Every structure is written in structure tokens, then in C-alpha cells.
Amino acid sequence: MHVVLLRLALGLYSFGFAHSVLTALKKKQTFFQPAVFAGFILHVASIALRALDVRYLPLTQQYEAFSFFGALTTLGFLIAYAKYRIAPLSVFAFPLIFIMTFVANLFYDPSASIPPVLRSNWIYIHTPLVFFGYAALFIAFAAAIMYLIQERALKSKHPIRFHNWLPSLEICDDLAYKSLAIGFPLITLGIVTGALWAQAVWGVWARDAKVLFSFLTWFVYMMLIFYRLIAGWRGRKAAYLSIVGFIGVLVTFLGANYFGGLHTFQ
Amino acid sequence: MQLALVGLSHKTAPVEIRERLAFSNDALRSALASLVDRRAVNEAMILSTCNRVEVVAESPDDRLIRDFICEFHQISHDSVSTHLYSYRNVEAIRHVFRVTASLDSMVIGEPQILGQVKEAFRIAMDAGTVGMHLSALMNRAFAVAKKVRSETGISQSAVSVSYAAVELARKIFGDLSGKTVMIIGASKMGELAAKHLRRAGASSVLVTNRTFERAVELAKVFEGAAVPFEHFTDHMTGADIVITSTGAPHFIIGRNLAEQVIHRRKNKPIFFIDIAVPRDIDPAVNQIDNAFLYDIDDLQQVIDANLKERFKEAMRAEQIVDDEVEAFCLKMQTRDVVPTIVQLRDSLEKVRRDEIERNRRHLKDLSPDQQAAVDQITKSIVNKILHPPIEQLKQMAHDPQGADLADLIRKIFNVKPQ
């Protein structure tokens, strides 16, 4: 049942995906909102059903992780959209949401076996914190890209390059900052709980590629927070650093599998 | 419905002629009254702006309107005939739609014309010279204007320096509320730009000028504060948008100063608008992070691009107008024809029933079957008689001459409008 819901959600997200393509092609339309909202509800229902099935947090398998992240990114988009009413955010959000959910469908594995190493109550704290943090940092990343595109156009003074579909610089920067302010504490706590978990189970925690990358990523975001607060960075420089940080997130989330270690999906 | 339109615009007449033929607001009422007094003018409306005069009437003859315009303004036919244009029926409808949708304006897509047409319509309504036809036409014209506005980008982008400034400020700041505008120097153009920014939501205005009195004067206009010219750099820290238009022969804001100000503002962005010639702000300021500098040429470049965009959008708008004209004509003609058919049927049916009623007593000896047969026979006679004219009317429903045929048939059968 939860797979059917997941597929339906994917189908509805395709409206969001179509919206993002059309927006980029400067075509106006508004049909995507109800579709995406309905897709999100189904998606959450799918995850909840899976949770009831396995009687555990459905985050131990690769497809579950993708599905979970997809749902959170949608949530992030919906919150940002409700606050700022910026449809162009979809241009960046939906390709990711769509791909995540698509991959989740692709890797679907009905087995409900949970690796013993993950049987711990820490999973309920550590993983959601990290995932929520990633979703917020993704929104910050998308806002940073929008900022840079708009800023370049304004500085170049070539009216042909002006992007009427993009929000104003101030809104982009504000969105980037607020998402960072939400995402950074979440990943910080995520790392702390991860460390505690590892400490409790193995006594060591640093010999894992994912841990290493997440530290590096955390450090980039730490710098960004520092520069924003102390040096008054905003706009372009902050946007660049935010992009570097999110590349770190991607490497951590997707790449760590290839380096081996405890976070690898079996 | 028979429409006639006579008018002149910036395209056909120089300003001397336009002002000579303009109708002042006070004159409009009497002009409208004297127009509908004429035989064959049933409804009328007059639009008179600085760029155009248009007289629209429900009337079969546009020469009547030409005569009226010349008489009213006491001017000879010969001196204005080359400047006046006349349209009838479909062409008149198209012209009204195009004017209202701002496709015939000097600056295509400018929004004022719609308000002016609405006002002209209101005045004619008040004067009681608008009937069913003109109100159908004008209401459709307003709807078309709205459609053109929302479905094309014809009025979207800025085509004046001050609107271009507002448009750019919105790209940087989004909402302008809470933003401070600083005016350095007191030129007309700077004042206009500040006025538009203020109207777009900017909260406060700072004014500085070499002559402090002039700054105080201008500050009063914007309910802002005047700042001594010697200290303007200190106050710039609080300004989000800086408009310069001094007569200074050299840069008054250099890169260093701008950098300091941005630093003091903790990198909050500043939008510099330099509309002075020679320029007041070093172009290198644009290279500073969070500083955006547009000089008069840059703004002009934006305007030119927007104008090009408007022309492109205007082509799409013309297509919308074409479709709407066609739809409106169809509706009007069917409107003339359909009621005629209905009334024709009703009136002949009444004749039949009255005759049967009158001869009731001759028929009372007939059996019910025979009575029913009489009823049936008379009905079918009426239908047979009506068949050719109704078929003709139906065929002509989509033809411009349909209305004339409807009139003729009404006369022949003596059908009165209900």
C-alpha cells in the first residue's frame, strides 16, 4: 500500500516538476499548488504506513532514505512558499524532489529487515535531525542560486538578461539566511547525537567517511554563520559559501556510500 | 446596431488641431445632448483627452457626426477633414477596443487611457445618452482591455526613467516599504523618480542640495528631511536608494566613499541612480558588492528593451482584439435576429389564437377530434408562412446585413419590440 501511495505522490510531484520547467521557460501557470500539496500528503501517508509495517523509523534502507528526504524537501518548499510566495523556488526544488522520490521508487525493496547495527533509539533522534537540517540547507542553496542569477543580471545591466520570474535580492538573501538559521542548528544537533550514538555503540566514531564529510560540511556552514553574524556578510559572498556547503551535503549524503564505512546502505 | 465613430488622435492631427477640437468637461454634457437631439443619432459618447477626441454614436451615418464636430467647434470642414477619421460598425468596434486596450496610445500599453474611457462613459451615462448598444460595446471594451492587460505583457515593464528606477529597485529590495530614498541635487527628473519611489512604498526621503533652502523646499514636498550638503555622506548610511542629479562637473561619490558607506551599513545593499550629466557617481561603484549603480544611459537601455518587449506583446494583443471584435459582432447580430424570430412567432400565434377564439361559436358543433384538427391545420398554416422568413433570418444571423433584414421583417409583419 505504501508503495502505491509513494507512486501516486511521484505522479503528483510531476506537476511540480512540469511547473519548474514551465517557470524556467517563462510560462505562467498556477495549477501545481494543489497537486504538490496532495502529493506531499500521500507521501507522508506512505512513510507513515511503512513505519507501521516495519514497526520502526523507515530510514534504514536506501529507498526509505530517499523517500524521507524527498518528503522533507517538499515540506521545506511548502513552508518557504507559504511565507514568501515565491513560485520560482520550484525551479530548483522540484527537480530534486522529483528525482529523490523517483529514486526511492526505483530502489524499492520490500524486505523489512533492519540491520542490527541500526537497532537503537538514537535513530529516532539522529537521522531526522540530519535530514531536516539537509532539507533546510537545500532551500538555502536554492535561494543562493536565485540570488546569484538575479545579482549577475542587475550588475550586468543588460535588460535582456533580467529575470522577471526571480524574487528580489532581498527576499533571496532573507530566505537563504533563515533557512541557514534553521538548518545549521539541526545538523549541529544531528552530528552531536550521531557522535553520542557511535560512542555508545562502538566507543569510536571518527573512522567513517560520512562522519568526516559531515564535519567538513558543518565547518563550512559554521564559517558562513560566523561571517554573516560577525563580518556582516550577505548577498554574493554568503551565497557562494552556501553553495559550497550544500555541495558538501550532497557529497555526504550521496557520496559516502562509495567510500565505505558505517553509514553505507547494505 | 449601427455604430459610427469619428475622431482624431496624435497620429492624425497636430496638437493645434487637437486642442481646437477638444471637448472640455463642462462642454461635454451639452455636446452629448445636442448630438442625440439629431435625428438618426440614438446613443452617443465622447472621449476627449490631450491625445485624442473620439465621438462614438449609435447611428447609421458618420457624416452627421462630422457635421456635429465642425458645428460645435465652429470650424470649417475643409480645415479638419484630413485629420478626422471615420469608422463604421465592425471597424468602429475594433477602434474602440484598440483605444481602450491602449494599443492606439502614444506609449503603447500606458494605463491611463482605460480610466479616461471609463470616465467618458460615466459622463455619457450621467447625461443619459448611453443606451443598450453603447453600454454593451463599452462594457465589452473594458473587459477586452482587462484581458489584454492580464494576458499580455503590454503594460508590464517600465518605459520611463522614473518607472525603470522603481522596477529596478523592486528587483533589489522587493517591497520598498521601510526603505529610505536620498535625493542629492534638486533636478526635476530626480524629483520625479523620488516621487514614484515614494508612491511605490518607500517610507522616507532625505534631500540634500548645495543650496540648503532648495533642499528644505523639496523635503517639504516629500514630507522628508533636509540634510546639509556638507554632511550628506554621513546620512547616506541610512539611505537604501540614492538618486543623484547635481550639476557638479566631477564625481561626488567615488568608489572609496561608496565602499565606506556600504561597510557602515553592514553590507546592506544600496541602489545608486545617477541621472546627472555629467555623471555624479564613479562607474566603478557598480563593482562593489551590494552596490548597484545605474546611470541615465543604463536606465535608457532598460527602457529601450522594455519598449521592444511591448511592441512584441502588442502583436499578441492585436490578435486578442481581433478575436474579441469577431465575437462581439456575432453576439450583436444574433442579438438583433433572435428576438425578431421569437417575436414573429409570438405575434402570428396570437393572430391564430384570436381568430379561433372569435370563431369559437361556429366551431362548437364539431366533434373534439375535428376541433383538434382545426387547431392543427391553423398551426401548420402559420408555420408554413413563417418558415421562409425565419430561415432567412437564421441564415443572415452572422451577416452584417442581418440587422437590416430583421428591421425589414419587423416592419412587414408589424412586429413591435417587446
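Q: Before we start, when do two strands pair here?
A: Two strands pair if DSSP finds at least two bridges between them. Keep in mind that this is a predicted model.

Q: Okay. Which residue is the bridge partner of B:Ile243?
A: B:Ile273, in β9(B).

Q: And how many bridges join β8 to β9 of chain B?
A: Four. Strand β8 covers residues 241-244 of chain B and β9 covers residues 270-274 of chain B. The two run parallel.

Q: What's the strand order in the sheet?
A: β7-β6-β5-β8-β9-β10, in chain B. That is an open sheet of six strands with parallel pairing.

Q: Which strands stand at the edges?
A: β7 (225-228) and β10 (291-295) of chain B. Each has a single partner strand, so one side of each lacks a neighbour in the sheet.

Q: What about the twist?
A: From one strand to the next, the average is 20 degrees.

Q: Which helix packs on the sheet, and what does the helix touch?
A: Helix α8 of chain B, residues 161-173. The helix touches β8, β9 and β10 of chain B. Its direction makes about 165 degrees with that of β9(B).

Q: Switching to the contact between the chains. How many residues does each give?
A: Chain B gives 18 residues and chain A gives 17 residues.

Q: Which elements of chain B give two or more residues to the side that touches chain A?
A: α8, β10 and α13 (296-358) of chain B.

Q: Where does the largest share come from?
A: On the side of chain B that touches chain A, it comes from α13(B), with five residues.

Q: How do the residues on that side of chain B divide?
A: Seven are nonpolar, six polar and five charged.

Definitions and conventions
Residues numbered from 1 in each chain as written. Chains lettered and ligands numbered in written order. Predicted model: local features only at pLDDT ≥ 70, side-chain atom pairs only at ≥ 80, totals over all residues. Axes fitted to C-alpha atoms, helices over the stretch in contact; angles between N-to-C directions. Contact = placed C-beta atoms within 7 Å. Nonpolar A, V, L, I, M, F, W, Y, C, P; charged D, E, K, R; others polar.
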